[in-house]
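Please have the sequence and the model open side by side. This report looks at two ligand sites and one ring pair.

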Amino acid sequence: MALFFKKGDSAKPRQAERILPRHLGIIMDGNGRWAKKRGMPRSAGHTVGAANFKTITRYCAKIGIEYLTVYAFSTENWKRPSAEINGLMKLFKQYLEESLRDFRDDDIKVRFIGDTEAFSSDLRQLIEETREVCKDRTGMVLNIAMNYGGRDEILRAVKQISQKVSQGELTQEEITEEVFSRHLYTAGQPDPDLIIRPSGEQRISNFLLWQSAYTEYIIMDILWPDFTTADLDAALAEYARRNRRFGGV
Ligand code: IPE
Ligand code: IPE
Ligand code: MG
């Protein structure tokens, strides 16, 4: 798509940087329904969804997205049957093992947002290794939201800040929006410009609550395993047509 040039491309039109979101969020939803439609177990949908995650991530890096945040597992997803949760944990491990082995040359900087302490020790170990391998990379930042909840993140920030106040490191007057943002998992990153939710559900489901105050939302009636790079292009084209006012005129 001609409008979306990679950063540093000399032929790039001046407005290209402005119309491509710097930070894109994706709620990877609809795996279960995708499988059900085919008479398959929900886990089959998660497997195809995970493969699609790799395709879409690479595409985002290629077209010049600077930050991509994908919602992989919410703080509420623990409510699911244990067989489904175990299947998802197995997929996470598989993805991280493959990434460490096969994607050594990728310049994607993988980060994790959410309370990763809740995961098994072998998964936590893989998360640590991935963080370590990626720490000096300079390409697209990929935030994988795992055991992530917007409310949980906000509470965590409140606890950290109140501790600083009680220890005299910070005064109440110094608690600004900026200071608050610095205590979130996404500290130092721009707010998401666009969040895409495939699967047709019209809700936030606890994703990036603080950060998405002025984010554009695009809901698409496509289940995540079926979501293609062409669907992403269509969403990006729609985003480019939006008029963002941030409360101004
Ligand atoms: C998203 O797909 C994956 C996770 C939440 C881990 P779902 O599993 O929610 O699929 P649907 O929404 O039931 O179709
Ligand atoms: C949101 O999807 C979480 C992820 C995609 C990881 P859910 O399927 O959990 O959300 P609800 O239950 O439909 O709101
Ligand atoms: Mg769902």
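The report takes the ligands in turn, then turns to aromatic rings.

This is a predicted model, in which local features need pLDDT of at least 70 and side-chain atom pairs count only at pLDDT 80 or more, while totals for chains, interfaces and linings use all residues. Residues are numbered from 1 along each chain as its sequence is written, chains are lettered from A and ligands numbered from 1 in the order written, and side-chain values use heavy atoms, without hydrogens and water.

**Ligand 1**

Ligand 1 has 13 residues around it, and Asp-29, Gly-32, Arg-33, Arg-42 and Arg-80 come nearest. A residue counts as near if one of its heavy atoms lies within 4 Å of the molecule. By type, the shell holds 3 nonpolar, 5 polar and 5 charged residues. Here Ala, Val, Leu, Ile, Met, Phe, Trp, Tyr, Cys and Pro count as nonpolar, Asp, Glu, Lys and Arg as charged, and the others, Gly among them, as polar.

The space taken by ligand 1 is the largest pocket. Helices H2 (31-37), H3 (42-63) and H4 (82-102) are the elements that each give two or more residues to this shell. H2 gives the largest share, 3 residues. Helices (H or I, at least four residues) and strands (E, at least two) are DSSP runs, numbered from the N terminus.

**Polar contacts of both ligands**

A polar contact is a pair of N or O atoms within 3.5 Å; within protein, one must be able to donate a hydrogen and the other to accept it, and residues adjacent in sequence count only if both atoms are side-chain atoms.

| Ligand oxygen | Protein partner | Distance |
|---|---|---|
| Ligand 1 | Gly-30, backbone | 3.3 Å |
| Ligand 1 | Asn-31, backbone | 3.1 Å |
| Ligand 1 | Arg-42, side chain | 2.9 Å |
| Ligand 2 | Asp-29, side chain | 3.2 Å |
| Ligand 2 | Asn-77, side chain | 2.9 Å |
| Ligand 2 | Ser-205, side chain | 2.6 Å |

**Ligand 2**

Which residues surround ligand 2? They include Ile-27, Met-28, Asp-29, Asn-77, Arg-80, Arg-197, Arg-203 and Ser-205. Tyr-71, Ala-72 and Phe-73 are also among them. Strand S2 gives the most to this shell, with 3 residues. The shell divides into 5 nonpolar, 2 polar and 4 charged residues.

**Aromatic pairs**

Rings of Phe, Tyr and Trp (its six-membered ring) pair if their centres lie within 6.5 Å; planes under 30 degrees apart count as stacked, over 60 as edge-to-face and the rest as tilted. The count comes to 11 aromatic pairs. Tyr-71 and Phe-207 have ring centres 4.5 Å apart and planes at 15°, so this pair is stacked. The pair links distant parts of the chain, 136 residues apart. Tyr-71 sits in strand S2 (residues 67-74), and Phe-207 in the loop between strand S5 (194-198) and strand S6 (216-220). Tyr-71 also belongs to the surroundings of ligand 2.

Key:
On a 1 Å grid over the protein atoms alone, a cavity is a set of points where a 1.4 Å probe fits but cannot get out, and a pocket is an open set with protein on both sides within 12 Å along at least five of seven lines; lining residues have an atom within 4 Å of a point. A molecule sits in a cavity or pocket if more than half of its atoms lie within 2 Å of its grid points.
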